[in-house]
Each structure stands twice: as structure tokens, then as C-alpha cells.
Amino acid sequence: MNRCLFCENPISAFMTFGRMPLASGFLLPEDFGDEYYYELKPALCDACKLFQIVDVPDNKRVFHSGYTHVTSTSAFMIQHLKHLAQDVIQEYLVDEDPFVVEIGSNDGSLLTNFVQAGIRVLGIEPARAVAEMARNAGVKTTIKYFNEEMAVEVKKQAGPADIIFGINVIAHISDINATGEGIKTLLKDNGVFIFEAVYLKDIVVNNAYSQIYDEHVFNYSVTSVKNIFSKYGLELFNIKNINTQGGSMRFYLAPTGSREVKSSVDDQIKKEERIHLHDESTLDFFRIGCEQSRDRFRALIFDLKNQKKHIGGYGAATKSTIMINYCQFTAQDIDYLIDSTPLKQNRASPGAHIPVKTPAYFRAHYPDYMIIFPWNHAEEIRSKEKDFETQGGQWIIPDKDLIVVGQNGETKWI
Ligand SMILES: [Zn+2]
């Protein structure tokens, strides 16, 4: 029997996405034989309402040293983090000599804004390659996993934290109780814990199943965040919808009773109740929606292959891994993927082993159709690659409604 990773209530999966490789596990041909697979199955805990995947692969396997995601490769993300830092400096850093900590600080893209303002920081990042990038950029970083023991150590050396950030990382750490204990230990009495994560409602309403994978052990609703962190004396006092990763939420928490709770928190919880976000019937609708979306995508690609069309994929990332493997596409269906991250180029995609090429390769070898896997950036990509459409190329956008866009922006819903 599986148990909730937070409250240990028995849970059972409401669907399966089948056998999955690690979403970021881009690999070399000599490693194909050792590739790790698990069955991707989500569940929702009846007691605490936490949406989670069951049979989670070990964190250490997931965030191995070759882990390829680098925040600074996204210009959009850099701007987003800069604005977040400006807001926090203005609103929450009121004490003398404040101290800002970030869990999962990646290449230091957020903390660098505080360093520039002369504020003490510490990044905590277990992935060595990106942690070294942060250090080289002048962001003090410790290469470790965050937990209570680590929090005690940091507090002893640098004092309690005015702000603790977790940007697209709190959903990734399977030991949620160690995270909770650690934050409780390290946060100042008037401190604020701010985290951003993909929002469960956006996943369910938009059938955005590619947000569910090994790294996103949890997908949070406002209700579940309120339930979980109250165990650690932290009160959810504010939320903000943000447009990253195709629908996310920023959660603001502080020691219980230390801040006024904004009405937006209860309003959103009521909204989640109204749409029955946590009910079995809703999850069943979601499952059917995912299956229909997969079947439509497969029908389209197989039809094009029957017509001997060439198909490529734009953006080799977690979203492409989940969609490709759930739809069981192979290198016979998709000729190549392209990505601007050098660490992924000349490797093969997880599971399907589709070769990953450079954007320059794409521009020299236009296929007939190109799938935009990061569907939330479709507009940005289309405007960057206008020539593809001019040359007669067509985009396939696997959004909630599968969309094909051809010459002169002509759009077809499948
Ligand atoms: Zn639970």
C-alpha cells in the first residue's frame, strides 16, 4: 500500500502514464542499457489534499550531477526573478543586515539580485554543475540538500533568515516534512517563506499532464499548501498567480499570527471547493482528458507519418519527455529534437532516444512539421522562427486543444 508523503494516510493512484524515464535524463548512446524507468502514477491524498506521484524515484537519482536545467537559459525567467527580488527588497526586508536564503538556488539567477544590492545571501543547491555557476557569479552557495540539520547549521553560522525562497523546487523534494522542519527552524519570527510552484488547478483544468513527472513529486493547490505548512507553524497569508511554466502560483507564508492574512487566500480556497478540485470525479475527468489528448496526438502524428512527412520537436525538456513517452512516440516518428542548451545537444532524449540537435541544425534541415513541446512559449517561438512558416513549415502545438499552425498563421484545431 502507498502512503501520503506528508500525512501517511493510505493513497492510491487514480491513473497511470505508464513506464517513464527520468524527465531530464538526456543521455549518451553508451548509457541506453542502464536507463532507469519507473511507472508514473499520480494520487491525491484524501486527508491533506496533497497531489503527489506514488513510487517516487529517489531524489539523488533524479538530481544527479548531470542535471541539465539552468535557470539563466530563460530570458523570461531572469526578468521574472529580478522583479520578485525588487518586490521583496521593498516590502519585506525591513531589519538591519538582512539575510536571504534560497533552497534550490540553481545558477544563482535570483540571489544575484540581492548580492548586487549588498544583501547577505546563501544558496543551497545539491546539483554541483549549476551550484558552481552560481559561485562563479559571486553567489555564496553550499552544495547540499536542504533539511532540518542543514537549517540548524546555517542558523548557527549566519543567523535566522529574513526570507527563504523556493522557486520551482518545493514541489521537487519528496521529504516534505524535512523541508517544513527546516524552514520552521531557519526562518526569523518576522520572516517570510516564499515559494513558487505549478498550480494544480491549472494542470487539471488545462489537461496539462506534462507538468506531472519525477521532479514534480507534488503539485500544490492553495488548500493543500495551507494544510501542510500549518503543521510547521507557518500560515499562508498571501498568494499570487504567476505566468511561469504555463500556470503557477506564488505562496507567501509566515509564522502563524505574525501577518494579516489577505482575503485572496480564502477566496481561492473557496474557488477550489466550487470546482471540486480535490474530488474523485474531477480527477476522473482529468484522466479521461489526458487519454483523449494522447489519442488525438498519436492519431495526428501517425497520419502524418503515413503521408511520409518529416516531423521535428522544438524544445528538449521535461515536457517533451513526458508527452513523447506517454504517447509512445519513437525516433521513427520524430526525426530530431532541438534545444539551445549545450548540455543536451548531441545526446538522446530519455526513453524514446530521439537525437537532440542544435537550433542551427533545425534552420538548415526544416522538417514538414515541428512540434512545440513548451506549448506555453508557442507565441515566442513562432515569432523567433518566422522563416520556418514562410518556407511552408507547420507548427504542432500540443496545448489543451491540439493546434496546427501553417503558412500565414493559418490555424487548425485537431
Ligand atoms: Zn496526506
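Which residue in S21 stands opposite Val404? Select Val404 and look across to the neighbouring strand: the residue there is Lys412. Keep in mind throughout the tour that this is a predicted model.

**Stop 1: strands S19, S20 and S21**

Stay with these strands. Select residues 411–413, which make up strand S21. S20 and S21 run antiparallel and are joined by 3 bridges. Between S20 and S21 lie 5 residues, and the two strands form a hairpin. Click on Asn408 in the turn of this hairpin: its phi is positive, about 60°. As a rule, most residues other than glycine have a negative phi.

Now select residues 394–398, strand S19, together with residues 402–405, strand S20. These two strands are also antiparallel, with 4 bridges between them. Trp395 has Val405 in S20 as its bridge partner. S19 and S20 form a hairpin too, with 3 residues between them.

**Stop 2: the two domains**

Colour residues 56–260 as domain 1 and residues 282–413 as domain 2. How many residues does the contact take from each domain? Domain 1 gives 12 residues and domain 2 gives 16 residues. On the side of domain 1 that touches domain 2 there are 4 nonpolar, 7 polar and 1 charged residues. The centres of domain 1 and domain 2, taken over C-alpha atoms, are 31 Å apart.

**Stop 3: the sheet of 7 strands**

Switch to a ribbon view and find the open sheet whose strands come in the order S9-S8-S7-S10-S11-S14-S13. The pairing in this sheet of 7 strands is mixed. As background, strands of a sheet pair through backbone hydrogen bonds, either parallel or antiparallel.

Which strands stand at the edges? Select residues 141–142, strand S9, and residues 234–242, strand S13. Each has a single partner strand, so one side of each has no neighbour in the sheet.

Move inward to S10, residues 161–167. S10 and S11 run parallel, with 6 bridges joining them. For one position along this pair, select Gly166: its bridge partner in S11 is Phe195.

Helix H6, residues 176–186, packs on this sheet and touches S7, S10, S11 and S13. The direction of H6 makes about 145° with that of S11. Next, show helix H5, residues 148–158, which lies across strand S7 (99–103) and strand S8 (120–124). H5 runs at about 160° to S8.

**Stop 4: the largest nonpolar core**

Which residues touch the most other members of the largest nonpolar core? Show the side chains of Val101, Ile164 and Phe193; these are the ones, in a core of 114 residues. Strand S11, residues 187–198, gives the most to this core, with 7 residues. Both domain 1 (56–260) and domain 2 (282–413) give residues to the core, so the core lies between them.

Centre the view on Val101. Apart from neighbours within four places in sequence, Val101 is in contact with Leu122, Ile124, Val154, Ala161, Ile164 and Leu186.

**Stop 5: Ala197 and Asn168**

Select Ala197, which is in strand S11. Is Ala197 buried or exposed? Ala197 counts as buried because it has 25 C-beta neighbours inside 10 Å, where 20 or more are needed. Beyond four places in sequence, the contacts of Ala197 are Asn168, Ile170, Ala171, Tyr220, Ser248 and Met249. Gly247 is 50 residues away from Ala197 along the chain, yet their C-alpha atoms are separated by 8.8 Å.

Step across to Asn168, in the loop between S10 and H6. Asn168 has 20 C-beta neighbours inside 10 Å, so it counts as buried. The phi of Asn168 is near 50°, a positive value in a residue other than glycine.

**Stop 6: the sheet of 3 strands and Asp55**

Last, find the open sheet of 3 strands in the order S5-S6-S12, paired antiparallel. Strand S5 (41–44) and strand S12 (218–219) stand at its edges, each with a single partner strand, so one side of each is left without a neighbour in the sheet. Strand S6, residues 51–54, pairs with S12 over 2 bridges. Select Phe51 to see Asn219 of S12 opposite.

Asp55 is in the loop between S6 and helix H1 (59–62). Asp55 is not a glycine, but its phi is positive, about 55°. Asp55 is exposed because 11 other C-beta atoms lie within 10 Å, and 12 or fewer count as exposed.

Terms used
Residues are numbered from 1 along each chain as its sequence is written. This is a predicted model: local features need pLDDT of at least 70, side-chain atom pairs count only at pLDDT 80 or more; totals for chains, interfaces and linings use all residues. A nonpolar core is a set of buried Ala, Val, Leu, Ile, Met, Phe, Trp, Tyr and Cys residues joined through C-beta atoms within 7 Å. Domain bounds come from an automatic or database domain assignment. Two residues are in contact if their C-beta atoms, placed from the backbone, lie within 7 Å. Two strands pair if DSSP finds at least two bridges between them. Axes are lines fitted to C-alpha atoms, for helices over the stretch in contact, and angles run from 0 to 180 degrees between N-to-C directions. Ala, Val, Leu, Ile, Met, Phe, Trp, Tyr, Cys and Pro count as nonpolar, Asp, Glu, Lys and Arg as charged, and the others, Gly among them, as polar.
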